[in-house]
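User: I'd like to go through this fold with you, one question at a time. Can we start from the model itself?

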Amino acid sequence: MVIFGLDYVGCTAAGCIASQGHHVIGIDVSQAKVDAINAGRSPVHEPGLDALIETARARCLRRARRCGD
């Protein structure tokens, strides 16, 4: 699955979907958000989202890319 936009909704969706075992690739125009996801961190502040992204990144959140790359 590909998710465009890694802000509150996209980041949370990517983490939840990947935590269920689905392979996810995230795309965003912000290099900072892409770098955070690829490092296993959430680019936005939401309680519990850092842990969810860290776990998802280790399992099925394959990578994030900057739009246009």
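**Strands, helices and how they pack**

Analyst: Starting with one pair, F4 has I27 as its bridge partner in strand 2. The chain gets from strand 1 to strand 2 by way of helix 1, in a right-handed β-α-β crossover. Keep in mind that this is a predicted model.

User: How many bridges join strand 1 to strand 2, and which way do the two strands run?

Analyst: The pair F4 and I27 belongs to this pairing of strand 1 with strand 2. The two strands are joined by three bridges, and they run parallel.

User: And in strand 3, which residue is the bridge partner of I25?

Analyst: Strand 2 also pairs with strand 3, over five bridges in the parallel sense. Within strand 3, the partner of I25 is R63.

User: How many residues of strand 2 are buried?

Analyst: Strand 2 pairs with strand 1 through three bridges and with strand 3 through five. Strand 2 is mostly covered, and of its five residues the number buried is four.

User: What is the pattern of the protein chain along the sequence?

Analyst: There are three helices and three strands to place. Read along the sequence, they give β-α-β-α-α-β.

User: What should helix 1 span, and how far apart are its end C-alpha atoms?

Analyst: Helix 1 takes in residues 8-19, which makes twelve residues. At 1.5 Å a residue the span should be 16 Å, and the end C-alpha atoms agree with that, sitting apart by 16 Å.

User: Over what arc around the axis do the buried residues of helix 1 lie?

Analyst: The buried ones are G10, C11, A14, G15 and A18. They lie on the same side of helix 1, because the arc they cover is only 130°. As a general point, an α-helix has 3.6 residues a turn, so residues three or four places apart point the same way. For the buried residues here, the arc is 130°.

User: What do those buried residues pack against?

Analyst: The buried residues in question are G10, C11, A14, G15 and A18. Their packing partners are strand 1, strand 2, helix 2, helix 3 and strand 3.

User: Which residue follows helix 1 with a positive phi?

Analyst: Helix 1 covers residues 8-19. With a phi near 100°, the residue that follows is G21.

User: What radius of gyration does the protein chain have?

Analyst: For 69 residues, a compact globule would come out near 11 Å. The protein chain agrees with that, at 10 Å.

Conventions: Residues are numbered from 1 along each chain as its sequence is written. This is a predicted model: local features need pLDDT of at least 70, side-chain atom pairs count only at pLDDT 80 or more; totals for chains, interfaces and linings use all residues. Side-chain values use heavy atoms; hydrogens and water are left out. The expected span of a helix is 1.5 Å times one less than its number of residues. Buried means under 20% relative accessible area, exposed over 50%, partly exposed in between (1.4 Å probe, protein chains only). The arc is that of the directions from the helix axis to the C-beta atoms. Contact means heavy atoms within 4.5 Å. Two strands pair if DSSP finds at least two bridges between them. A crossover is right-handed if, with the strands pointing away from the viewer, the path from the first strand over the helix to the second runs clockwise. The radius of gyration is taken over C-alpha atoms; the globule rule is 2.2 Å times the number of residues to the power 0.38.
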